[in-house]
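Visitor: I would like to take a close look at a single part of this structure. Could you guide me through one helix and its surroundings, step by step?

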Amino acid sequence: MSAARCLQFDVGNSSAKWRLVSGAKIMARGVYRRDDDSSRLRLLACSDAVQAIWVASVASEEAEWHLSAMLEERWQVQPWFARSEARTGTLVNSYQQPLRMGVDRWLAMLGAWHREPARLCVVDAGSALTIDLVAAGGRHEGGYIIPGPSLMERALLLDTDRVRFAEEAVYDLAPGTSTAEAVRHGIALAQAAAVRVALEQAGEPRPRLYLCGGGAETLQRLLGGAGEWVPDLVFDGLEVMAAAHGRDRVLV
């Protein structure tokens with residue numbers, strides 16, 4: 001038995017995280033942006049051959065078509081696109097129209113559920129902050145979608161005339177002593193408070209907290225170290241869903 005090479009994608013609205021997996025080993029990883037030639041060249045040079053391409057995408061149909069065409073031309077492998085579904089294994093979706101749920105949310109829940117089939121709170125801190133609750137029996141209880149830090153800051157700057165700053169400020173919970181600090185610290189307070197209130201609303205038994213996404217490390221710090229930060233949680237869920245659909249990374 002030899003391990004096949006599987007190229008996996010977590011595609012957002014502006015960029016795509018990717019990793020090349022062989023067996024249990026991650027051979028390479030990176031970020032692809034359609035308008036960035038260097039990121040495209042690095043992706044296409046990551047391996048001479050791949051046997052499978054799996055994609056989790058919340059991008060537009062046009063962006064998915066462009067990515068798929070580029071990958072098929074390079075490796076002659078048709079990508080498989082994961083989609084949210086009513087049920088994957090023992091994880092059950094609460095949406096009446098499951099396809100309307102962003103697949104990144106579904107896969108993050110699936111990755112966490114595969115790690116620990118118990119009551120869960122799964123937080124994905126990206127362009128949007130998503131918070132999803134899973135019951136101990138595996139049913140999605142529901143969730144929240146909140147603008148992420150960049151969207152919050154952009155909305156504030158676009159819709160106010162006098163909130164302007166040029167200096168840098170980190171995300172922190174202390175009251176700000178400049179406009180920059182007041183904005184960034186206010187955003188930090190809103191993000192951390194959203195997670196804390198969601199956990200309070202969840203009641204007992206208290207869910208196990210998992211965090212992923214580009215802002216997860218900062219959010220975990222703002223939460224005082226609470227929860228388990230799993231950077232590849234969406235990729236983990238992609239692996240679980242692929243296995244549930246009979247897809248394998250092992251070649252005989």
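Guide: What follows is a walk around the helix α3, from the core it helps to build to the helix and the sheet beside it. Please keep in mind that this is a predicted model. The helix α3 covers residues 103-115, and, together with β5, β6, β9, β12 and α7, it is among the elements that each supply at least two residues to the largest nonpolar core. That core has 29 residues, and its largest share, eight residues, comes from α3. Leu107 is one of the residues with the most contacts inside the core, alongside Leu233 and Leu238. If we leave aside the neighbours of Leu107 within four places in sequence, its contacts include Ala56 and Ala82, and also Leu233, Val234, Gly237, Leu238 and Met241.

Leu233, Val234, Gly237, Leu238 and Met241 are among the residues of α7 that meet α3, where Trp106, Leu110 and His114 are among the residues taking part. The axes of the two helices come within 7 Å and cross at roughly 80°, and since angles of 65 to 115 degrees count as roughly perpendicular, α3 and α7 are therefore roughly perpendicular to each other. By class, this contact has 10 nonpolar, three polar and three charged residues.

Turning to the sheet, α3 lies across β9, β10, β11, β12 and β13, and runs at about 135° to β9. These five strands form an open sheet with mixed pairing, in the order β11-β10-β9-β12-β13, in which β11 and β13 are the edge strands, each pairing on one side only. Within the sheet, β9 and β12 run parallel and are joined by five bridges, and Val123 stands opposite Leu211 in β12.

Note on methods
Residues numbered from 1 in each chain as written. Predicted model: local features only at pLDDT ≥ 70, side-chain atom pairs only at ≥ 80, totals over all residues. Heavy atoms only, no water. Core = buried A, V, L, I, M, F, W, Y, C linked by side-chain atoms within 4.5 Å. Buried < 20%, exposed > 50% of the residue type's maximum accessible area, 1.4 Å probe, protein only. Helix = DSSP H or I, 4+ residues; strand = E, 2+ residues; numbered from the N terminus. Contact = heavy atoms within 4.5 Å. Axes fitted to C-alpha atoms, helices over the stretch in contact; angles between N-to-C directions. Parallel < 35°, antiparallel > 145°, perpendicular 65-115°, else oblique. Nonpolar A, V, L, I, M, F, W, Y, C, P; charged D, E, K, R; others polar. Pairing = 2+ DSSP bridges.
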